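Colleague: Pick one part of this model and take a close look at it for me, residue by residue. I'd like to hear what it packs against and which side chains do the work.

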Amino acid sequence: GLCRPFLFLQLLACLSEYAYFSGVGVVKLSAYTIHISHILAEYFDEMSLMLLATLLVVYGDIINKHIKRTLSPYHFVIRCALFVVLCAFGYGALTVYGAPFLHHLFNYIAYEYRGLAFVVAFFALGLAAERRRYI
């Protein structure tokens, strides 16, 4: 398939659809990856939510640091109130509206590669957490 812009996970679809496996010859990759998608298909909504929540855990401190810098000139009570509003409503809204959007983005990936794309995304977040010393 053709690559769609704005999705780093679309790299999976950009890869050649054929690969050599232990002297068997040329085999379609989708013949193997479609099984992963079949197993995970009913959980794609939940996996989008899990992925977004993990993103917020790994990168939430950057958002908080920026908000802290922005709110530093204000009075203590205003800073506390705005921080609570950000945490309660900002992260909540980001989770509620961001997870379906993330699921929508994953729908651009061909079905036979979608399950593998979720697995790769979780491994990439694990690597990011490792690099940021969360693990």
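Modeller: First, a term I'll lean on: a residue counts as buried when its relative accessible area is under 20%, and as exposed when that value is over 50%. By that cut-off, 27% of the 135 residues of the chain are buried. Keep in mind that this is a predicted model.

A little orientation before I zoom in. The chain has five helices and two strands, and reading along the sequence you meet them as α-β-β-α-α-α-α. Take the contacts between residues at least 6 apart in sequence: 67% of them join residues at least 24 apart. The part I'd pick is helix α3, residues 44–71, and I'll go through its partners in turn.

Start with α5, which spans residues 111–131. The axes of α3 and α5 come within 10 Å of each other and cross at roughly 20°. The two helices are therefore roughly parallel, and their crossing is left-handed. From α3, the residues involved are F44, M47, S48, M50, L51, T54, L55, V58 and Y59, and they meet Y111, R114, G115, F118, A121, F122, L125, A128 and A129 of α5. Sort the residues of that contact by type and you get 14 nonpolar, three polar and one charged.

Now the α4 side. Here the packing angle is about 145°, with the axes of α3 and α4 9 Å apart, and the crossing is right-handed. On α3 the contact is made by F44, D45, S48, L49, L51, L52, L56, G60, I63, N64, I67 and L71, while α4 brings R79, L82, F83, L86, Y91, L94, T95, G98, A99, L102, H103 and F106. That contact divides into 16 nonpolar, six polar and two charged residues.

Let's go down to single residues, beginning with S48. This serine of α3 is buried, with a relative accessible area of 0%. Leaving aside its neighbours within four places in sequence, S48 is in contact with A99, L102, H103 and F118. A99, L102 and H103 belong to the α4 side of the packing, whereas F118 belongs to α5. Along the chain S48 and F118 are 70 residues apart, yet their C-alpha atoms are separated by 8.3 Å.

H103 gives the view from across the α4 contact. H103 sits in helix α4, and it counts as buried because its relative accessibility is 18%, against a cut-off of under 20%. Outside the four-place sequence window, H103 touches F44, D45 and S48.

L52, also in α3, is buried with a relative accessible area of 11%. Its contacts, again without residues up to four places away, are L94, T95, G98, A99 and L102, and these five names appear among the α4 residues of the α3 contact. L52 and F101 lie 49 residues apart in sequence and 9.9 Å apart in space, C-alpha to C-alpha.

M47 looks another way. With the same sequence window left out, M47 touches L40, F118 and F122. F118 and F122 are α5 residues, but L40 comes from α2, which brings in one more helix.

That helix, α2, runs over residues 30–40, and its axis comes within 6 Å of the α5 axis, crossing at roughly 70°. α2 and α5 are therefore roughly perpendicular to each other. S30, T33, I34, I36, S37, H38 and L40 of α2 make the contact with Y111, E112, Y113, R114, G115, L116 and V119 of α5. The split there is seven nonpolar, five polar and two charged.

Finally, the core that ties into this. In soluble globular proteins, nonpolar side chains tend to be buried together. In this model the largest nonpolar core has 14 residues, and F44, M47, L51, L102, F106, I109 and F118 touch the most other members. α3, α4 and α5 each supply at least two residues of that core, with the largest share, five residues, coming from α5. F44 and L51 of α3 also turn up in the contact with α5 and in the contact with α4.

How values were computed. Residues are numbered from 1 along each chain as its sequence is written. This is a predicted model: local features need pLDDT of at least 70, side-chain atom pairs count only at pLDDT 80 or more; totals for chains, interfaces and linings use all residues. Side-chain values use heavy atoms; hydrogens and water are left out. Axes are lines fitted to C-alpha atoms, for helices over the stretch in contact, and angles run from 0 to 180 degrees between N-to-C directions. Helices (H or I, at least four residues) and strands (E, at least two) are DSSP runs, numbered from the N terminus. Angles under 35 degrees count as roughly parallel, over 145 as roughly antiparallel, 65 to 115 as roughly perpendicular and the rest as oblique. A crossing is left-handed if the near helix is turned anticlockwise from the far one by less than a right angle, and right-handed if clockwise. Contact means heavy atoms within 4.5 Å. Ala, Val, Leu, Ile, Met, Phe, Trp, Tyr, Cys and Pro count as nonpolar, Asp, Glu, Lys and Arg as charged, and the others, Gly among them, as polar. A nonpolar core is a set of buried Ala, Val, Leu, Ile, Met, Phe, Trp, Tyr and Cys residues joined through side-chain atoms within 4.5 Å. Buried means under 20% relative accessible area, exposed over 50%, partly exposed in between (1.4 Å probe, protein chains only).
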